[in-house]
Amino acid sequence: RMAAAPPSYCFVAFPPCSKDGLVVFGKNSARPRDEVQEVVYFTAADHDPGSKVECTYIEIEQVPKTHAVVLSRPSWLWGAEMGANEHGVCVANEAVVTREPASESEALLGMDLVRLGLERGATAKEALDVIVALLEEHGQGGNYYEDGSSCHTFQSAFLIVDRNEAWILETSGKYWAAEKITEGVKCICNQLSLTTKIDAEHPELRNYVRSQGWWNGDSDFNFSEVFSLADDHLVCCSGKESLEKQGGDVSAQAMIDVLRDKDSGVCVDSESFLTTASIVSVLPQDSSFPCVHYFTGTPDPSRSIFKPFIFVDDVKLVPKVQSPSFGNDDPAKKIPRFQEKPDRRHELYKAHEWARSLLENDQDKGQKLMRIMLELEKQGLEAMEDILTRTEVLDPAEVVDLFYDCVDTELKFFK
């Protein structure tokens, strides 16, 4: 039996389920408990012809132009668990197990494909096309964890969202299928969810599964049934109901509440896995308004603050949520890999460790601290709501330090 995939959850809500013509996206990233996630920003860039880009394990051709991106990523790898680009595209991935064992050979990781889709796609559909073309060319494979003692491999699923539509993309090796979503609430988790509604697929998908004897060609083609291990094809998502109950009022706050819910299992805190970082994005369907992306940059959303980020030119970098860089001495870059684990904690992560221990060990002080944290978060949410409802155009100077200031304020409270 293959190792279970980490139980991350991704959501999207479209009007009329969501508020005020907003598309709302969210993800809890469940990863090994001690793994650090950082929040990093890369500006748009032009690249020379013939240049290459070094992904987590392999080098591939670079494209002439990459978009600006903000990413939440395990700090040892190149790609990302989730993120957004300057054009209002958001991508999150899920590790999934299919009946086809995932390759241990080093290729692109699902997390690399998240970043590549964001850097190269100006719409959700473009990001999807980028990801499937790269899968075809390079394949997926390699260790999902920073673990020198054992190779953990998975196939990938993706939720790809922009201001108008979302695509659920599910893959096994280089084969894939995708469904387009433009309304309602959708959740994906660590198992396949596509059934018979398939809006795009690998041209050889059906021939391949017939040749494997997994489908006879007569019955309806059901992607999950064909590719899942027999006992895996269950309805996974408990958070979807909570969002649907909002009845047309899914907002950033409602999405944050769902991501914080430990009882539903959406906020993972188990022996092996922890929600090590979270994101919520609000994408106005009217493109004259900016998209707002909230990141925690710290583990356990029920004990973290969601801090807003808006793309503008010259956005201020935030070193306090970036892990130390070890360059070519990084054990993740040397072969054999992961022979030791460096301390990858960034400044916010360390300060937050203190806050978490206070919340666990001193009820009175802990509750008081949590109230202050939530008040701080509420101020950020209200300020963003103001930006998304005003008539005048946003002055970039107003938000150039936005994420920086929020992180800074949070650090001051912890000190």
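Two strands are taken to pair if DSSP finds at least two bridges between them. On this basis, in the predicted model examined here, eight strands form an open sheet whose order is E3-E8-E9-E10-E11-E12-E13-E15, with antiparallel pairing. The edges are occupied by strand E3 (37–42) and strand E15 (200–201), each of which has a single partner strand, so that one side of each is left without a neighbour in the sheet. At the E15 edge, strand E13 (residues 175–181) runs antiparallel to E15 and is joined to E15 by two bridges; for Ala177, the bridge partner in E15 is Glu201.

Two helices lie across strands of this sheet. Helix H1 (residues 110–120) lies across E3, strand E8 (69–74), strand E9 (82–85), strand E10 (90–96) and strand E11 (155–161), and runs at about 165° to E10. Helix H2 (residues 124–138), in turn, lies across E11, strand E12 (166–172) and E13, its direction making an angle of about 10° with E12. Strand E11 is thus among the strands crossed by H1 and also among those crossed by H2.

Further along the chain, helix H7 (residues 347–361) packs against helix H8 (residues 363–389) at an angle of about 130°, the two axes lying 6 Å apart. H7 and H8 are therefore oblique to each other, and the crossing in which H7 passes H8 is left-handed. On the H7 side the contact is made by Trp354, Ala355, Leu358, Leu359 and Asn361, while H8 contributes Gln363, Lys365, Gly366, Leu369 and Met370. By residue class, this contact of H7 with H8 comprises six nonpolar, three polar and one charged.

H7 also packs with helix H10 (residues 402–414), here at an angle of about 40° and with the axes 9 Å apart, which makes H7 oblique to H10. This crossing, in which H7 passes H10, is likewise described as left-handed. Glu347, Leu348, Ala351, His352, Trp354 and Ala355 of H7 meet Glu410, Leu411 and Phe414 of H10, and the residues of this contact divide into six nonpolar, one polar and two charged. Trp354 and Ala355 of H7 accordingly appear both in the contact with H8 and in the contact with H10.

Definitions and conventions:
Residues are numbered from 1 along each chain as its sequence is written. This is a predicted model: local features need pLDDT of at least 70, side-chain atom pairs count only at pLDDT 80 or more; totals for chains, interfaces and linings use all residues. Side-chain values use heavy atoms; hydrogens and water are left out. Axes are lines fitted to C-alpha atoms, for helices over the stretch in contact, and angles run from 0 to 180 degrees between N-to-C directions. Helices (H or I, at least four residues) and strands (E, at least two) are DSSP runs, numbered from the N terminus. Angles under 35 degrees count as roughly parallel, over 145 as roughly antiparallel, 65 to 115 as roughly perpendicular and the rest as oblique. A crossing is left-handed if the near helix is turned anticlockwise from the far one by less than a right angle, and right-handed if clockwise. Contact means heavy atoms within 4.5 Å. Ala, Val, Leu, Ile, Met, Phe, Trp, Tyr, Cys and Pro count as nonpolar, Asp, Glu, Lys and Arg as charged, and the others, Gly among them, as polar.
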